[in-house]
Amino acid sequence: MKSNSNNKVKVVFYLNAEDKEIIKIQCESLQIKPSFFYRNAVLEKLGKPVFTKKINDLDTRKYLTSLIRIGNNLNQIAKKLNSNEQFLIADQQVVLDEIKNINNHIIEINSKL
């Protein structure tokens with residue numbers, strides 16, 4: 001173990017590649033550094049957690065219904081394009097509106113995480 005200027009002690013341990021990847025994905029979803037995750041996991045096991053994830057009440061049914069509707073509309077548009085039917089300017093606007101809806105839903109969900 002090696003001490004640094006913050007009176008912290010460096011601890012080294014090893015993981016297999018699969019476990020390391022799982023932790024990497026978890027850290028990305030929580031938007032934290034792996035070192036913070038490891039430190040919190042050890043301290044939590046000792047009864048001294050340093051991190052608590054705020055859980056927001058997401059109305060998942062609302063988002064799921066909206067995303068299904070958007071997906072259905074996009075599938076209908078793709079089917080029309082693949083069948084060589086005429087693609088009108090109005091159809092283009094529908095696609096743009098659906099893309100905007102998807103983007104808005106992603107922003108709304110992200111803001112609640």
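Okay, so the chain here has 4 helices and 2 strands. Before I go on: this is a predicted model, so everything I quote is computed from it. Reading from the N terminus, the elements go β-β-α-α-α-α, with the strands ahead of the helices.

A few overall numbers. There are 113 residues in the chain, and 12% of them count as buried. The exposed surface comes to about 9,800 Å², with 56% of that supplied by carbon and sulfur atoms. As for contacts, take the ones with a separation of 6 or more: 40% of those are between residues 24 or more positions apart.

Now the bit I'd like you to look at, helix 1 and helix 2. Helix 1 is residues 17–30 and helix 2 is residues 34–45. How do the two sit relative to each other? Their axes come within 9 Å and cross at roughly 100°. Anything from 65 to 115 degrees counts as roughly perpendicular, so that's what we call this pair.

Which residues meet there? On the helix 1 side you've got Ile-23, Gln-26, Cys-27 and Leu-30, and on the helix 2 side Pro-34, Phe-37 and Tyr-38. Sort them by class and you get 6 nonpolar residues, 1 polar and no charged ones.

Let me stay with Gln-26 for a second, over in helix 1. Is Gln-26 buried, exposed or in between? Its relative accessible area is 35%, and the in-between band runs from 20% to 50%, so Gln-26 is partly exposed. Compare its position with Phe-37: the two are 11 residues apart in sequence, and their C-alpha atoms are 8.8 Å apart in space.

Next, the loop between helix 1 and helix 2, where you'll find Lys-33. That one has 61% relative accessibility, and since the cut-off for exposed is over 50%, Lys-33 counts as exposed. From Lys-33 to Ile-23 it's 10 residues in sequence and 10.0 Å in space, again C-alpha to C-alpha.

Last stop, helix 2 by itself. Quick sanity check on its length: with 12 residues at 1.5 Å a residue, helix 2 should span 16 Å, and the C-alpha atoms at its ends are 17 Å apart, so the two agree. Then, just after helix 2, there's Gly-47, which takes a positive phi of about 85°.

So if you open the model, start with that roughly perpendicular pair, helix 1 and helix 2, then follow the chain out of helix 2 to Gly-47. That's me done, thanks.

How values were computed: Residues are numbered from 1 along each chain as its sequence is written. This is a predicted model: local features need pLDDT of at least 70, side-chain atom pairs count only at pLDDT 80 or more; totals for chains, interfaces and linings use all residues. Side-chain values use heavy atoms; hydrogens and water are left out. Axes are lines fitted to C-alpha atoms, for helices over the stretch in contact, and angles run from 0 to 180 degrees between N-to-C directions. Angles under 35 degrees count as roughly parallel, over 145 as roughly antiparallel, 65 to 115 as roughly perpendicular and the rest as oblique. Contact means heavy atoms within 4.5 Å. Ala, Val, Leu, Ile, Met, Phe, Trp, Tyr, Cys and Pro count as nonpolar, Asp, Glu, Lys and Arg as charged, and the others, Gly among them, as polar. Buried means under 20% relative accessible area, exposed over 50%, partly exposed in between (1.4 Å probe, protein chains only). Accessible areas come from the Shrake-Rupley method with a 1.4 Å probe; for residues, only the protein chains shown count as cover. The expected span of a helix is 1.5 Å times one less than its number of residues.
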